[in-house]
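Here is a quick tour for anyone opening this one for the first time. Have a look at the model, then read on.

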There are 2 protein chains.
Amino acid sequence: MAPQLEPFFKQVDDLSGSFIDRLRKAVAIPSISAQDENRKDVFKMAQFLASELEALGAEVEQRSLGKQPGKEHLDLPPVVVARYGNDKNKRTILVYGHYDVQPALKEDGWATEPFELTVDDQGRMFGRGSTDDKGPVLGWLNVIEAHKKAGVDFPVNLLCCFEGMEEYGSEGLEEFIQTESKKFFKDADAVCISDNYWLGTEKPCLTYGLRGCNYYSVSVSGPAQDLHSGVFGGSAHEPMTDLVNVLSKLVDPKGKILIPGIMDLVEPMSEDEKSLYPNISYTMENLHESLGSETGIHPTKEETLMARWRYPSLSIHGIEGAYSAPGAKTVIPAKVIGKFSIRTVPNMESEDVNKLVFDHIKSEFAKLNSKNKLDVWLQHDGKWWVASPKHWNFTAASKAVQQVFGVEPDMTREGGSIPVTLSFEQATGKNVLLLPMGSSTDAAHSVNEKLDKRNYIEGTKLLGAYLHYVAEEPMNP
Amino acid sequence: MAPQLEPFFKQVDDLSGSFIDRLRKAVAIPSISAQDENRKDVFKMAQFLASELEALGAEVEQRSLGKQPGKEHLDLPPVVVARYGNDKNKRTILVYGHYDVQPALKEDGWATEPFELTVDDQGRMFGRGSTDDKGPVLGWLNVIEAHKKAGVDFPVNLLCCFEGMEEYGSEGLEEFIQTESKKFFKDADAVCISDNYWLGTEKPCLTYGLRGCNYYSVSVSGPAQDLHSGVFGGSAHEPMTDLVNVLSKLVDPKGKILIPGIMDLVEPMSEDEKSLYPNISYTMENLHESLGSETGIHPTKEETLMARWRYPSLSIHGIEGAYSAPGAKTVIPAKVIGKFSIRTVPNMESEDVNKLVFDHIKSEFAKLNSKNKLDVWLQHDGKWWVASPKHWNFTAASKAVQQVFGVEPDMTREGGSIPVTLSFEQATGKNVLLLPMGSSTDAAHSVNEKLDKRNYIEGTKLLGAYLHYVAEEPMNP
């Protein structure tokens, strides 16, 4: 039975002006976590959030994470945790967002002042942090306010976890989640994260999977110092020659990974999964638009999405130690370090991938018969994540999308990683849902970041409706 | 008949203290051509040279080369030209050197102040420019002074061409040489350049050949902007994948150039030439010492020297546009530019090499079936140079070496290029000799640059003796 959402929806519409004001105030605080001089603004933003939540009647705490590792003169921004409602008869939903933002300067190419929310005649609200992630975070606050003002009973207990270091590596957050999963977050029945984007601009999606990432370095070294190519070219083994050779054996121009055994680790596609792709609202034009070119590998949207979501990929990012400036320099670099990463998917275990990578690279290097020295190591890894999209958490969100937008959401995965997703899943043992508010054209991290008014206001309705459906969903069998 | 050199040699020994003082004064002027703030010092050094030459009785002019292209607020340092002697019955020798130096800072790792000549107990004279190229330039002045003070008739007319921009691309010099070859330099019967080094530390050499250099860029571009490897890895053609593939097809790990047709352009080795290599004073230990490793390609010194001097080589210098910093960044670079160069030898013509390079790269890229775009172009080229070591200019220098050092010099080539060599040969049409003063351990361009006292003082004798033998050599048939 569909919950009675009309009073809540109407209240959101009535309050839309003040919700946009709330976003305007938040965008005006340049809470850039990567820049030391803005650390005070990150704290200011935490205080803004805490005050707003308190004014709405939530219990709020600002939890210190201590000093910033490697920059001990800086305090890490606090995690703002809040509880709204404490009714044992209601489900408890833990929501995550972040209140810090990427750097932004007008002169980077912004059409408007990045820290002044500017709404154009198409309802696009430009401003740093509008979509990533202040809009979604404030969405939860808006939901509380609209319920209070409409006099509608809040359908769940809400736990909030809003961090201030997401754009700078989420320092200290994983340990915090681990600890609080048995304390502040212990009642959570499910988790909802609103910090990603629709696949396109029209149709909402629910995201149930992310790829992982294993990042490698491979170094080749020979001479004790850089050499002059005139003097030594032809008489010494050159590390760059060897490295380029080894890197050329990793992936072919069609994206096929050449490391033996890697594809054997990949979960085979079921007929069930295969049937999901044709219905996804995505076109090759969408790909070409986002690439700015027609250099896609695959001819169909289905293959493109599979390549992005459910198959591994290998990218070569660059080379450290070689000549990288414009112009011409006749150097033989003494030591060069190639960087590449593999996006991982079920059921690739990091250790298995590492072994295959190391063995392959060492074997290819051995074939070169070079006197240089090769080394290869893992820089970092992060595991893939796939949730059950049949869990009540997803079903509730799906119904909410249908209620608010009149369409069934696309069930999507993403090619990149959002490490906090896995942290919450592992720490709480509960289902995690990614429920995006913004659209694919929002330009998070880029110039002219924006959130469409529709996405913000209807998105607020979506978050509220989701909580109502959550309250009604039966337990999973 | 050997010329009577004893009075000159004795005078050099007697004046050795004041010759070292002359070098001390020159080193104290930080005539760094690459740094704007030192331009006044480069001018000061020109004035120092001009004054010294005038005091010795030479006719001296400081020739302006105008403003520095691209830095119009800076005047180019003058070319100091001088004539010493104007006797129609004597040969005229044109000598070249440069009075500017590389940058140097104590904190780069110098054991002594770089602009204070510091002589240690092994007679090593440390200081920036000591060996490159102030020592050799002052050597010519010392020769004049010793002749005057010994009352020995100067055996030739001497023309000097000392420039102040050698370490920064010899701006404007080629045109100057071209013009003056018909004016100030028109009487020159041969050219002598002292601006390179012995192959080792004990035995002098005469250098009669240099490799040329063709420097290439190859770019691969695809998407309109850098991409996130999580989002696009596996679904878009990656420029780095293609570039690494193409670069791996240029040269094998043993230094063999893989571009079809390149080796057909190389002059075959004659038995005569082959017989030169075993006698060269050079060992595999010398190679390993200069590499700081045992990563030489060839097992024998002969093959090593041939690879360095008379065969082409191909070095990959680096990649522009890819991620080159330490750490990890999950970027798919949108456009990457590989840099490589080919060291050229007789009889490789630049246009022929270019055609083979372009054809090969385009053909290898076509095999990849990538939708990305490839471009390849020549950044710059400089021709190889080989002089006749049987010319009287070389014979005179060889006899001088035997007279001063008691050994027959090695007849060497070099793997790198000294573009001014070819400029003089082409402009004057005369034989050019490279007659080094310093040794292989002098660390030109590096920290702790030095010139051994022996090399400076015996080198001054060598330059003088060379002029005497020049005066006595019969014309070539």
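How many residue pairs are in polar contact across the interface of chain A and chain B? The rule finds 43 such pairs, with both residues at pLDDT 80 or more. A polar contact here is a pair of N or O atoms within 3.5 Å; within protein, one must be able to donate a hydrogen and the other to accept it, and residues adjacent in sequence count only if both atoms are side-chain atoms.

This is a predicted model, in which local features need pLDDT of at least 70 and side-chain atom pairs count only at pLDDT 80 or more, while totals for chains, interfaces and linings use all residues. Residues are numbered from 1 along each chain as its sequence is written, chains are lettered from A and ligands numbered from 1 in the order in which they are written, and side-chain values use heavy atoms, leaving out hydrogens and water.

**The interface**
- On each side, 75 residues take part: 75 of chain A are in contact with 75 of chain B (heavy atoms within 4.5 Å).
- About 5700 Å² is buried between chain A and chain B, with carbon and sulfur atoms giving 54% (this is the accessible area, 1.4 Å probe, that two parts lose on being put together, summed over both).
- Strand E13 (residues 313-320) of chain A supplies the largest share of the side that touches chain B, with eight residues (strands, at least two residues, and helices, H or I and at least four, are DSSP runs numbered from the N terminus).

**How the copies relate**
- A turn of 180° and a shift of 0.0 Å along the axis lay chain A on chain B with an RMSD of 0.1 Å (least squares on the C-alpha atoms of residues with pLDDT of at least 70 in both).
- The two copies are therefore related as by a two-fold rotation axis.
- Val244(A) comes closest to that axis of the residues of chain A, at 2.9 Å (C-alpha).
- Both copies use the same surface, as 100% of the contact residues of chain A recur in chain B.

**Confidence**
- Chain A has a mean pLDDT of 96, and 99% of its residues reach 70 or more (pLDDT is the predictor's confidence in each residue, from 0 to 100).
- For the complex, the predictor gives an ipTM of 0.90 and a pTM of 0.89.

**Backbone oddities**
- Most residues other than glycine have a negative phi, and most peptide bonds are trans.
- Pro346(A) and Asn347(A) are joined by a cis peptide bond, with omega about 0°.
- Asn347(A) sits in the loop between strand E15 (335-344) and helix H10 (350-368) of chain A.
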